[in-house]
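This briefing is meant to be read with the sequence and the coordinates side by side. It starts from the aromatic residues and works outward to the core, the sheet and the loops.

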Amino acid sequence: GWCPLSPAGAQTPQVLLEPPWTPAVLWDRVTLTCRGSGTRGATTWYKDGQRLWQERQESFVVTESGTYQCERPGTGLSPPVQVLDGEW
């Protein structure tokens with residue numbers, strides 16, 4: 001498996017979905033929350049591999065479909081979470 005560089009014992013952060021079902025779709029007004037060890041409020045968010053400079057909060061409401069990950073200092077990147085636009 002692929003192992004991110006993280007200090008021993010550090011928990012990889014997890015992206016929590018609200019509402020909690022998957023697949024997540026935009027019309028549910030999905031809120032993403034970064035959960036994990038590391039510094040609160042020092043969350044870095046990524047969408048489709050690109051850093052979201054405006055999102056420094058622990059949680060935010062998704063406005064665009066894509067694949068989201070969060071990162072905390074010293075704990076690496078979370079597993080990706082996909083948000084679909086819901087237009088089939």
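In this predicted model, Trp 45, Phe 60 and Tyr 68 form one aromatic cluster. The chain around the cluster has nine strands and zero helices, so that, by the DSSP runs used here, the elements read β-β-β-β-β-β-β-β-β from the N terminus on. Of the 88 residues in the chain, 36% are buried.

**Aromatic cluster**

- The count of aromatic pairs comes to two, and in one of them the rings of Trp 45 and Phe 60 have their centres 4.9 Å apart with their planes at 80 degrees, so this pair is edge-to-face, given that angles over 60 degrees are classed that way.
- This pair links distant parts of the chain, since Trp 45 belongs to strand β4 and Phe 60 to strand β6, with the two residues 15 apart.
- Both Trp 45 and Phe 60 are buried.

**Nonpolar core**

- The largest nonpolar core has 14 residues, and those with the most contacts inside it are Leu 32, Trp 45 and Tyr 68.
- At least two residues of this core come from each of β1 (14-18), β3 (31-35), β7 (66-72) and β9 (81-84).
- As a general point, nonpolar side chains in soluble globular proteins tend to be buried together.
- Leaving out residues up to four places away in sequence, Leu 32 touches Val 15, Leu 16 and Leu 17 on one stretch of the sequence, and further along it touches Trp 45, Glu 58, Ser 59, Phe 60, Val 62, Tyr 68 and Val 81.
- The contacts of Leu 32 thus include each member of the aromatic cluster, because Trp 45, Phe 60 and Tyr 68 are among the residues that it touches.

**Sheet of three strands**

- An open sheet of three strands has the order β1-β3-β6, and its pairing is antiparallel; β1 and β6 are the edge strands, each of which pairs on one side only.
- From one strand to the next, the twist of this sheet averages 20 degrees.
- Strands β1 and β3 pair in the antiparallel sense over five bridges; among the bridge partners, Val 15 is matched with Cys 34 in β3, and Glu 18 is matched with Thr 31 in β3.
- Strand β3 is also joined by three bridges to β6 (residues 59-61), again with the two strands running antiparallel, and here Leu 32 has Phe 60 in β6 as its bridge partner.
- Phe 60 therefore appears in two settings, as the bridge partner of Leu 32 and as one ring of the edge-to-face pair with Trp 45.

**A buried lysine**

- Lys 47 is found in strand β4, and it counts as buried because its relative accessible area is 16%, under the 20% limit.
- Apart from its neighbours within four places in sequence, Lys 47 is in contact with Leu 52, Glu 64, Ser 65, Gly 66, Thr 67 and Tyr 68; the last of these, Tyr 68, is also a member of the aromatic cluster.

**Loops and backbone geometry**

- Two cis peptide bonds can be inspected in the backbone: the bond from Glu 18 to Pro 19 is cis, with omega near -5 degrees, and a cis bond also joins Thr 22 and Pro 23, where omega is about 0 degrees.
- Pro 19 is placed in the loop between β1 and β2 (24-25), and Pro 23 likewise lies in the loop between β1 and β2.
- Arg 29, in the loop between β2 and β3, has phi near 50 degrees, a positive value in a residue other than glycine; its relative accessible area is 58%, so Arg 29 is exposed, the limit being over 50%.
- Asp 48, in the loop between β4 (44-47) and β5 (50-52), also has a positive phi near 50 degrees without being a glycine, but Asp 48 is partly exposed, with a relative accessible area of 45%.

**Whole-chain values**

- Among contacts between residues at least 6 apart in sequence, 50% join residues at least 24 apart.
- The chain exposes about 5600 Å², of which carbon and sulfur atoms supply 53%.

Note on methods:
Residues numbered from 1 in each chain as written. Predicted model: local features only at pLDDT ≥ 70, side-chain atom pairs only at ≥ 80, totals over all residues. Heavy atoms only, no water. Helix = DSSP H or I, 4+ residues; strand = E, 2+ residues; numbered from the N terminus. Buried < 20%, exposed > 50% of the residue type's maximum accessible area, 1.4 Å probe, protein only. Contact = heavy atoms within 4.5 Å. Areas by Shrake-Rupley, 256 points an atom, 1.4 Å probe, with all protein chains shown as cover. Core = buried A, V, L, I, M, F, W, Y, C linked by side-chain atoms within 4.5 Å. Pairing = 2+ DSSP bridges. Phe/Tyr/Trp six-rings, centres within 6.5 Å; stacked < 30°, edge-to-face > 60°. Axes fitted to C-alpha atoms, helices over the stretch in contact; angles between N-to-C directions.
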